[in-house]
2 protein chains.
Amino acid sequence: MSDVNGFRDVLDRSAALARDRADPLRDRVDLFLPTGPDVVAYLDGNSLGRPAAAVADAWAGLARDWAGRLIRGWDEGWMELPGTVGDELAASVLGAAPGQTVVADSTTVNLYKCLRAALNLRPGRRRVVVDRDNFPTNRYVAQSLARDLGLELVWLAADPDGGVRPEDVAGVLDDDTAVVTLSHVAYRSGFLADMEAITDLAHRAGALVLWDLCHSAGVLPVELDRCEVDFAAGCTYKFLGAGPGAPAFLYVHRRHHDRLDQPIWGWLGGADPFQMGPDHRPAPGIRSMLSGTPPIAGLLAVREGVRVVADAGVPAIRAKSVALGEWTVALADAWLAPLGVEVASPRDPARRGGHVSLRHPDARRLCAELAAAGVLPDFRTPDVVRVGLAPLTTSFTAVWDALAVLRDLLSGARPRAAADPTAADEAPPMAPNG
Amino acid sequence: MSDVNGFRDVLDRSAALARDRADPLRDRVDLFLPTGPDVVAYLDGNSLGRPAAAVADAWAGLARDWAGRLIRGWDEGWMELPGTVGDELAASVLGAAPGQTVVADSTTVNLYKCLRAALNLRPGRRRVVVDRDNFPTNRYVAQSLARDLGLELVWLAADPDGGVRPEDVAGVLDDDTAVVTLSHVAYRSGFLADMEAITDLAHRAGALVLWDLCHSAGVLPVELDRCEVDFAAGCTYKFLGAGPGAPAFLYVHRRHHDRLDQPIWGWLGGADPFQMGPDHRPAPGIRSMLSGTPPIAGLLAVREGVRVVADAGVPAIRAKSVALGEWTVALADAWLAPLGVEVASPRDPARRGGHVSLRHPDARRLCAELAAAGVLPDFRTPDVVRVGLAPLTTSFTAVWDALAVLRDLLSGARPRAAADPTAADEAPPMAPNG
């Protein structure tokens, strides 16, 4: 009777508790600092992951080391952190061999460097394929470089599931295509693109790919080397838990290292920074993608966040992520669909990333009302309540409780805020970078 | 008899202790975390400033706020930090009215954005004036943009004091000069450029200026507004004490805000980031210089570092900085000149920044030997021992003790390390970004 989408007793809260008891990752939440007591359910870990206690410890340790070792810290590991933390991330999260990944700068800056470097590898070609539904920064970086270099942007529209399929890409590739730049998981719909097939199609057309991994790194398997991805970049403060605005990563496949040429020439991308020579001579390999001085507080946070993910293991995280997604869809179908809510993410878990988007015309106001009740999803313009599912910290019971609040708001069982559009515009939490 | 350069009893250690007792900033050092017990004298605070305890407290507070407030932190101040911390820095350190300064990205990235934005304001002009002795990143950024945009770089050589004088600049300006980009204080010699005169000369030629403030911000008065500087950028981990690789700042005078156009279009430089619209529409004012998500751990460290400087006040800091510089020169003249050491910074304190460079052919090895003895200056290729004087943490006695060790090494009173060039190449502390 209460079976929904194959879940038994989904509408019974004890079923949620039972699933949590059976969850092999259930104890991982103890690695994290507690949320505020006002938080009923945090469903925005795909925008800003919760802090592991180890991150706070790393900052305390940095203050001690900085005070004690002073300038010597640079020679005792700090200077190498962009590459060492990059390699740790590559091994446990990105499916990449060492020497191809660095952690530095913001996602935006990394996308700028990578796209420009990719274009420099295809000098005769003038077209860049971009996803119209991609995150703004990705589109704006492409627009800026298109303006500067006189390129043509080829805009793909999302399919009905909110994503870009291989056939969509195949339809626009030609021998003037220099680069295809897409998100692995779409920030709004949660659509998981077929990285391998699309990369292969681009290569067959002689083009390169630049993948944005902001919404996939740390929550599902990424296999950059096996897929022969050319360039990738992404942030570390979502499923990797490195904190607000922590430095981003970038990856360049080693087959391109001999001819790497990015535009922001800085001393730390040089072959011998302390020679301080007259002309920029790029460092060999991935280090040439660096520019300025490494941000150590951020890098140490990335290291700890990656370690927590690595210890749990991406396969176990993905298994729970899929289960949480199915659980969310089942509850939405049972409780929310009759109240006018539509699942706006792919229903096939194999095509869905780590979040489930729910569409409702009142989404903005609903997010504010949910926040007032201690339930923290994210609003995404114009009409999406985005339910982020962070497998290391999100329980089945939290999802159950959160969607019960949403149900009660929509059904009138819980009083709703007055429809003051100004207040509603102000209130919902606005999460950065996807 | 022991008077040197007007200092009485400079060679008597009790004179150093007396100067420290009379120092109005003497207690400020208590705001900082203690150095390691092996440190006799830290003379590299102009490369990596020591941590104030408040910075460590800010990181602990951030971990708590992040855990408790979660995504809501972005709406509760984090998102505005690039501008609010920028304004705090502007008011207390840069001599700039609000709304013209942001803290974000690295110095290198900021120089890239600023130089490109400056060039966009002078589209018909093809020449950029650069200092041949400027810090590598500054030169490399100019080289990269020159290559991309087909510009000509006009290289200035340092004068005998290691700096660029107004007459040097006047000699190369013409009606094809787009931008003059220089360091306010030269990283090697410590030469303090005449910002007002050079800016005025550039303006008379119809050119713009971009000043690098890495070695002046926080240690001497900077008056960006009064000097009508167009663009400026600099780091925060030297005299501002924000920690290794902390985010840098940039300033653009408000008269240029209407036509600001920097190349790294990112969502946080847009007019309405959360609208996530199809095209990049730059934010009004200085915010259009931003690109990616603000690095909060770094920004909070900058805020605390700036507060410590602001509380002491730049005039008092400069007064002690000059006194420490004169003290260093006096000791060098008395003890070190007879042993082959030359003062490689301007002797006129009005033309000198916050450090004193000492030249000796064995500088590299001497730095390693000093470090082994707990004295930490910086080596700068090819032959400079750079004595950094951080007025909030450096005492007259520390300078006395440090130069006494250097004297004893040179005189043979203290045994020197075997001249193993490999070991010496490895050993000296290598401090980043100037």
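Which side chains meet in a salt bridge at 2.7 Å, N to O? Hold on to that one for a moment, everybody.

Some ground rules. This is a predicted model, where local features need pLDDT of at least 70 and side-chain atom pairs count only at pLDDT 80 or more, while totals for chains, interfaces and linings use all residues. Residues are numbered from 1 along each chain as its sequence is written, chains are lettered from A and ligands numbered from 1 in the order in which they are written, and side-chain values use heavy atoms, leaving out hydrogens and water.

Let's begin where the two chains meet. Here 83 residues of chain B are in contact with 82 residues of chain A, contact meaning heavy atoms within 4.5 Å. Together the chains bury about 7,100 Å², and carbon and sulfur atoms give 65% of that. Buried area is the accessible area, with a 1.4 Å probe, that two parts lose on being put together, summed over both. On the chain B side, Trp66(B), Ile71(B) and Trp265(B) lose the most area to chain A, together 12% of what that side buries.

Now back to my opening question: the pair is Arg116(B) and Asp148(A). The rule finds eight salt bridges across this interface, each one a side-chain nitrogen of Lys or Arg within 4 Å of a carboxyl oxygen of Asp or Glu. There are also 39 residue pairs in polar contact, both residues at pLDDT 80 or more. A polar contact is a pair of N or O atoms within 3.5 Å; within protein, one must be able to donate a hydrogen and the other to accept it, and residues adjacent in sequence count only if both atoms are side-chain atoms.

Next, let's look inside chain A. Its domain assignment gives domain 1 (13–51 + 313–426) and domain 2 (55–311), with bounds that come from an automatic or database assignment. Their C-alpha centres lie 29 Å apart. Where they touch, 34 residues of domain 1 are in contact with 29 residues of domain 2. The area buried between these domains is about 2,300 Å², with 59% from carbon and sulfur atoms. In domain 1, Val314(A), Arg351(A) and His355(A) lose the most area to domain 2, together 23% of what that side buries.

And how many salt bridges does the rule find across this domain interface? Zero, in fact. For polar contacts, though, the rule finds 13 residue pairs between domain 1 and domain 2 of chain A, both residues at pLDDT 80 or more.

Thanks for listening!
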